[in-house]
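User: Could you take a close look at one helix for me and show how it fits into the rest of the fold? I'd like a walk through its surroundings too.

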Amino acid sequence: MTDTAIDGDIKPATVASYLRRHPDFLAAYPELAHELVLPSANGPASSLAVHQLRGLREKNAELETKLRELTAVAGDNEKLMRRVHGLMLALLGASGIEDTVRHVVRRLTEDFQSERIRLVFFGDLAGLPDEPWLLREPHGASGLPEFSSFLEHADPVAGRLAPDKLHRLFGDAAPDVRSAALMRVGNDALLAIGSADPDRFHPGMGTLFLDMISTTVGSAIERARKVA
């Protein structure tokens, strides 16, 4: 529509300006909503009422999709919480340091479907089992220069690791690890979980449950050390 005057001196721009300043205009004249016609890029022109109804239906569909997504996330979080709770109960029943670390690996493997797990202990802690998933670093954190930045901040990290980090943790199996999660376990160890799925662990994922796992495992190891 051009700015050609309609009904005398009234121009379309004036009408448009008035409606913008009075968005409740149609509330006083509801019959106009059925008479006004709006163009549509995807089909024939429709009345304002039909146009608004279509918009409400689209928004409702979007909200339903969001609700389904939130419900799915809530369900996944509940499952993770139950698994963390199960890990905690298992570690509370552990009788010593060896029993503790075996419970950690078993629970992470069976309940969390973790493919590859590595526990790297700093120093020479007595009572640890000889297993492929348990590594010892006699020089402590200083013997892991590849992880100096991570150990300094101590926050869980998820994503793809550099080749030197992967090799240090997983050895010959490093090429099979496409994503990983790292957790500092108290002052004693580093816990790593590796996956062949490149999307299993990524920087954008929340680290709340990783933090809960590291705290739970760290507390259990500290308790086992004091009992020993």
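Analyst: Happy to! Let's begin with helix α5, residues 97–110, in what is a predicted model. At 1.5 Å a residue, its 14 residues should span 20 Å, and the C-alpha atoms at its ends are indeed 20 Å apart, so the expected and modelled lengths agree.

Now for the side of α5 that is covered. Its buried residues are I97, T100, V101, H103, V104, V105 and L108. Two of these, V101 and L108, reappear in the largest nonpolar core, which has 31 residues. Along with L119, F121, L191, I213 and V217, they touch the most other members of that core. Besides α5, the elements that each supply at least two residues are α4 (48–92), β3 (116–122), β6 (179–185), β7 (189–195) and α8 (208–227). Of these, α8 gives the most, with seven residues. In soluble globular proteins, nonpolar side chains tend to be buried together.

F121 is a good place to follow the links outward from α5. Leaving aside neighbours within four places in sequence, F121 is in contact with V101 of the helix and also with L128, L134, L135, R136, E137, D188, A189 and I221. There is also a second, separate core of 17 residues, and V120, F147, F150 and F170 are among them.

For contrast, here is a spot on the surface. I10, V15, Y18 and L19 make a nonpolar patch of about 320 Å². Y18 sits in helix α1, residues 12–21, and is partly exposed because its relative accessible area is 37%, between the 20% and 50% cut-offs.

How values were computed
Residues numbered from 1 in each chain as written. Predicted model: local features only at pLDDT ≥ 70, side-chain atom pairs only at ≥ 80, totals over all residues. Heavy atoms only, no water. Helix = DSSP H or I, 4+ residues; strand = E, 2+ residues; numbered from the N terminus. Expected span 1.5 Å × (residues − 1). Buried < 20%, exposed > 50% of the residue type's maximum accessible area, 1.4 Å probe, protein only. Patch = residues over 30% accessible without salt bridge, like charges linked within 9 Å, V, L, I, M, F, W, Y side chains within 5 Å. Areas by Shrake-Rupley, 256 points an atom, 1.4 Å probe, with all protein chains shown as cover. Salt bridge = Lys/Arg side-chain N within 4 Å of Asp/Glu carboxyl O. Core = buried A, V, L, I, M, F, W, Y, C linked by side-chain atoms within 4.5 Å. Contact = heavy atoms within 4.5 Å.
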